[in-house]
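Biologist: Could you walk me through this model? I'd like to begin with how a couple of the helices pack and then move on to backbone oddities and the overall fold.

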Amino acid sequence: MIMIAAVLASTMSAGAAAPRSPTAFPQRATAFADKPAIAVGVSWYPEQWPEDRWDKDLAMMKATGFNTVRMAEFAWSRMEPEEGRFDFAWLDRAIAAARAHGMMVVLGTPTAAPPAWLTQKYPDVLRVDEDGTRAGHGARRQFSFASQRYRDFCRQIATEMAKRYGHNPAVVGWQIDNEVGPPSFDAESVGAWHAFLKARYGTIDELNRRWATQYWSQYYNDFDQVPLHATGQQNPALLLDFKHFTTVMWTDYIQNEATALRQAIDPRMFVTTNTMFWNAGFDHFRMHRDLDIAAWDNYIPDGRPDWVANGANHDLVRGYKQRNFWLMETQPGRVDWVPVNRALDPGQVREMAWQAIGHGADAVLYWQWRPAANGQETYHGAILGQDGEFNPIQPEIARTAAELNKAAPLLADTQPIARVAMLFSYDSRWAIDLQRHNRDFDPVKAFTEFYRPLRTQSQGVAILPVDADLSRYPLVVAPDLNVLTANEAQALARYVRAGGHLVLGPRSGMKDDANALWPQRQPGPLADLLGATVEQYYALDQSVEITGSVAGKAAIWAETLAPTASDVRTLASYRDTGGWLDGKPAIVSRNVGRGSITYVGAWLDTAAMAKLAAMLLADAKITPIVDGADPDIEIAERGGAGKRLLIAINHGKVAQSFVLPAGAVPVSGDWADGRLAAHGVALFTLRGDRK
Ligand code: GAL
């Protein structure tokens, strides 16, 4: 049964549910003490190849330095060729072969790709698009997330796999499905939507009140009348609740299999699912609450990395569980799913791996080993070519694997160190996206622009949900906290009163969790603490000058702030002769005890943002580990178990020199004569605690 009410109860009341995890996972790749602390490996699809080739493949993987293979994730029609007839003999042999080569194995449940017999006999399990089109066989993810029948089949195959491999000595973890995301609009989904709304609002009167349905005669007499929509000119309350609905549905969908697995597997095996970058389909913090670790698939589709933005995505994934994660897939050079699939330059695949490690990955797995002879992904980057021999990228990957294997004992049980936290709110992202007001107000871009100088200047940022424990972070920045509940506001106020420095960006504190306007002007429930409110907001089609201690330009968005308390300081004002903004405060700040709250009402340009970040970090007494490094240099610190490590990556094309902190000792990599080579990576040990 779909557990809408139960999932909802722990989804919508922020922070109410305690995480449910059968075992406390360490800050390392697996909970098996005798296994490597860093997993390096590849996706391998033995079902696509003759069995007499497997041994050669595994020997070549070993020669590449891999210690892990991920398999079975799309092999449903091979594991269950007909309804109820299971054939695991081939997988037994594939796992045994991997084990014989000393590999750790991650098993995927195959439910992203239902077999043809299933959807032919039970077409009701197929997903239906918003326009009414029913999906068919031949691609993947063609199932409805609401189909009870589909979930029964999923539970069954997961149970069979768990019974068979739940104590296999090679298996270290399980990946459920693959990149879940597309919702469905079939009849069962509509039924689940109505059940969801009923569980969320209790009575239709309450829904009508929260959604303000007197507007445009939207009033509903019954839950059954509420249409299921993801897009279009619908009430933004409905559209935000659609996202809450998909969060509940996907969380419950994944838990259906997680529960089945956990009944039969060694509790040291992790249970996870692999997610995509900045995926807006569901609230990833909620989805991961009942999984053991987070795992994601990191691709640079156009082959032109924006390293800081990529680092932000790693930090977000780490934030899902606030513990180290798996890089479940990454590209051996290029992808095949964008208009121009440019390959990364030599050295950048290695940079990607080390960047992931620097941001808290304990595993780097490539996708994929060898392209299938046919199928949708024959052009994708792989470690082997179609002839079964190595591609030119292999030596770089082998070098990376050798370095990671060597560094594993040092990296074991360490995690990224950050003193700045940034709050990412799916509700806020969705709410802004639904009503951008300025088409250029991309909430992920807005977030990333705050992240950029904070990361490069502090060299460590944690990205957290709004209800996280913030007490160990002297500086907390919430770039666009549009949706803010009363409970969240109270927790943030407590953080400030306890000495924390809180910074809110534009559009913060405007909506409640039904996407309705707070009756107070922004920042709504934090307006009293700030001692100021947003008097008015304006979409900008041209930039406007700002002056003061943060000077530069504002673009896209500008809010005028009106102090209500006498001790509020104006840090920047607009200069906009003849316009609404002229002379009005753009950034205000107020000290509260030893803490402070700052509100930034404008979308700042790069220079102003850098200046603001420097001020905020100085106020919070946060200093970088390496001072004055070139912008191409990325610095990350991992600490724990009595160790401190520094990872330095030169993302640029020329060697760079910088001054290491006292006591830094190079362990491996491309550091020589005080310089880090172009596209170079180096690992150092550090002494003492970070200031
Ligand atoms: C991922 C997916 C893989 C493969 C890969 C290609 O999104 O999980 O199965 O399709 O993309 O880049």
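**Helix packing, backbone and overall fold**

Modeller: Bearing in mind that this is a predicted model, a good place to begin is helix 2 (residues 51-64), which packs with helix 4 (residues 89-100) at an angle of about 25°, the two axes being 10 Å apart.

Biologist: So how are helix 2 and helix 4 oriented, roughly parallel or roughly antiparallel?

Modeller: Helix 2 is roughly parallel to helix 4, because the angle of about 25° falls under 35 degrees. The crossing of these two helices is right-handed.

Biologist: Which residues make that contact?

Modeller: From helix 2 the contact takes Glu51, Trp54 and Leu58, while helix 4 supplies Trp90, Arg93, Ala94, Ala97 and Ala98. Sorted by class, the contact of helix 2 with helix 4 has six nonpolar and two charged residues, with no polar ones.

Biologist: What about helix 11 and helix 12, at what angle do they cross?

Modeller: The axes of helix 11 (residues 307-321) and helix 12 (residues 348-358) cross at roughly 40° and come within 10 Å. That angle makes helix 11 oblique to helix 12, and the crossing of this pair is right-handed.

Biologist: And which side chains are we talking about there, by residue and by class?

Modeller: On the helix 11 side there are Trp307, Asn310, Gly311 and His314, and these meet Gln348, Glu351, Met352, Gln355 and Ala356 in helix 12. The contact of helix 11 with helix 12 divides into three nonpolar, five polar and one charged residue.

Biologist: Changing topic to the backbone, where are the cis peptide bonds?

Modeller: One of them runs from Trp367 to Gln368, with omega near 0°, and Gln368 sits in the loop between strand 9 (361-366) and helix 13 (394-411). Another joins Gln522 to Pro523, again cis with omega near 0°, and Pro523 belongs to the loop between strand 14 (501-504) and helix 17 (527-530).

Biologist: Why would you flag those, and positive phi values as well?

Modeller: They are worth flagging because most peptide bonds are trans and most residues other than glycine have a negative phi.

Biologist: Then what is phi at Ile556, and where is that residue?

Modeller: Phi of Ile556 is near 70°, a positive value in a residue that is not glycine, and Ile556 is found in strand 17 (residues 552-563). Ile556 counts as buried, because its relative accessibility of 14% is under the 20% cut-off.

Biologist: And Ala641, is that one buried or exposed?

Modeller: Ala641 is exposed, with a relative accessible area of 59%. Its phi is positive too, at about 50°, although Ala641 is not a glycine, and its place is in the loop between strand 22 (633-640) and strand 23 (643-650).

Biologist: Zooming out, how many helices and strands does the chain have, and what box do its C-alpha atoms fill?

Modeller: The chain has 18 helices and 28 strands, and its C-alpha atoms fill a box of roughly 80 × 75 × 45 Å along the principal axes.

Biologist: How does the radius of gyration sit with a compact globule?

Modeller: The chain has a radius of gyration of 26 Å, which agrees with the value near 26 Å that a compact globule of 691 residues would have. Buried residues make up 62% of those 691 residues, and among contacts with a separation of 6 or more, 73% are between residues 24 or more positions apart.

Notes. Residues numbered from 1 in each chain as written. Heavy atoms only, no water. Axes fitted to C-alpha atoms, helices over the stretch in contact; angles between N-to-C directions. Helix = DSSP H or I, 4+ residues; strand = E, 2+ residues; numbered from the N terminus. Parallel < 35°, antiparallel > 145°, perpendicular 65-115°, else oblique. Left-handed = near helix turned anticlockwise from the far one by under 90°. Contact = heavy atoms within 4.5 Å. Nonpolar A, V, L, I, M, F, W, Y, C, P; charged D, E, K, R; others polar. Buried < 20%, exposed > 50% of the residue type's maximum accessible area, 1.4 Å probe, protein only. Rg over C-alpha atoms; globule rule 2.2 N^0.38 Å.
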